[in-house]
Amino acid sequence: MAGIKALVGLSFSGAIGLTFLLLGCALEQYGIYWPLFVLIFYILSPIPTFISRRLSDDSDSSSNACRELAYFLTTGIVVSSFGLPIVLARNTTIQWGACGLVMTGNAVIFLTIFGFFVVFGGGDDFSWE
């Protein structure tokens with residue numbers, strides 16, 4: 001039952017994050033949909049971690065090069081998703097208010113993705129592995 005509550009909570013927080021993203025695009029004073037390109041970063045961010053968990057074995061407690069590379073790539077994707085709205089706002093493609101809403105949505109979505117890995121990433125009884 002705890003897994004269901006976590007899944008519902010993660011779904012709710014993901015919906016809140018996407019609401020902030022869509023508000024940054026669809027409000028009448030902003031009206032430009034360029035910030036929706038951060039959706040690509042939302043899709044790409046968990047992929048390196050999924051691949052590294054599949055390829056690496058957890059038997060050793062030392063550092064794993066595959067996992068470290070996955071963390072590096074994931075960090076690059078996350079930083080890029082925060083950088084894209086700033087670059088668009090600096091270039092006056094979008095307004096700074098839309099940039100703030102998109103950045104808030106980014107923070108909520110990436111905390112949701114992190115929460116997914118914390119809740120469902122372990123090898124306990126209830127897992128998506």
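How many nonpolar, polar and charged residues does the lining of the largest pocket have? By class, eight of the lining residues are nonpolar, four are polar and none is charged. The model described here is predicted. Its chain is built from five helices and has zero strands, so that the elements follow the pattern α-α-α-α-α along the sequence. This briefing treats the fold, the pocket, the aromatic rings and several individual residues in turn.

**Overall fold**

- The chain has 129 residues, and 33% of them count as buried.
- Among the contacts in the chain with a separation of 6 or more, 63% are between residues 24 or more positions apart.
- An unreviewed UniProt entry places the feature "transmembrane region" at residues 6-25, 32-51, 71-89 and 96-120.
- Residues 6-25, one of these annotated spans, are 100% helix and 0% strand in the model. The C-alpha atoms at the two ends of residues 6-25 lie 29 Å apart.
- Residues 32-51, another span that the UniProt entry lists, are 60% helix and 0% strand. Here the end C-alpha atoms are 35 Å apart.

**The largest pocket**

- The volume of the largest pocket is about 260 Å³.
- Its lining consists of Ser45, Pro46, Thr49, Tyr71, Thr74, Thr75, Val78, Phe110, Ile113, Phe114, Phe117 and Val118.
- Two elements, α4 (65-90) and α5 (96-120), each give two or more residues to this lining.
- Helix α5 provides the largest share of the lining, with five residues.

**Aromatic rings**

- The structure holds six aromatic pairs.
- One of them joins Phe116 and Phe120 in a tilted arrangement, with 5.2 Å from centre to centre and 50° between the planes.
- Both Phe116 and Phe120 belong to helix α5, where they are four residues apart, or about one turn of the helix.
- The two partners can be compared by their accessibility. Phe116 counts as partly exposed because its relative accessibility is 28%, whereas Phe120, at 3%, counts as buried.
- Ring pairs also link Phe50, Phe116, Phe117 and Phe120 into a cluster.
- Phe50 lies in helix α3, which covers residues 47-55. Its relative accessible area is 43%, and Phe50 is therefore partly exposed.
- When residues up to four places away in sequence are not counted, Phe50 touches Phe116 and Phe117.
- Phe50 and Phe117 are 67 residues apart in sequence, and their C-alpha atoms are 9.7 Å apart in space.
- Phe117 thus appears in two settings: it is a member of the ring cluster, and it is among the residues that line the largest pocket.

**Buried residues and their contacts**

The contacts below leave aside neighbours within four places in sequence.

- Ser52 is located in helix α3. Because its relative accessibility is 1%, under the 20% limit, Ser52 counts as buried.
- Ser52 is in contact with Cys66, Arg67 and Ala70.
- Thr112 is part of helix α5. A relative accessibility of 12% means that Thr112 also falls under the 20% limit and counts as buried.
- The contacts of Thr112 are with Leu10, Ser13 and Gly14.
- Pro35 sits in the loop between α1 (2-26) and α2 (38-44). Although Pro35 is in a loop, it counts as buried because its relative accessibility is 2%.
- Pro35 is in contact with Leu21, Cys25, Leu88, Ile94 and Val102.
- Pro35 and Ile94 are 59 residues apart along the chain, and 8.0 Å separates their C-alpha atoms.

**An exposed loop residue**

- Thr92 is placed in the loop between α4 and α5.
- Its relative accessibility is 67%, over the 50% limit, and Thr92 therefore counts as exposed.
- The phi angle of Thr92 is near 60°, which is a positive value in a residue other than glycine.
- Two loop residues may be set side by side: Pro35, between α1 and α2, is buried, while Thr92, between α4 and α5, is exposed.

Technical notes
Residues numbered from 1 in each chain as written. Predicted model: local features only at pLDDT ≥ 70, side-chain atom pairs only at ≥ 80, totals over all residues. Heavy atoms only, no water. 1 Å grid on protein atoms, 1.4 Å probe; cavity = no way out; pocket = protein on both sides within 12 Å on 5 of 7 lines; lining within 4 Å. Points joined across faces, edges and corners; volume = space filled by probe spheres on them. Nonpolar A, V, L, I, M, F, W, Y, C, P; charged D, E, K, R; others polar. UniProt positions renumbered as here; feature names shortened; annotations may be inferred. Phe/Tyr/Trp six-rings, centres within 6.5 Å; stacked < 30°, edge-to-face > 60°. Buried < 20%, exposed > 50% of the residue type's maximum accessible area, 1.4 Å probe, protein only. Contact = heavy atoms within 4.5 Å.
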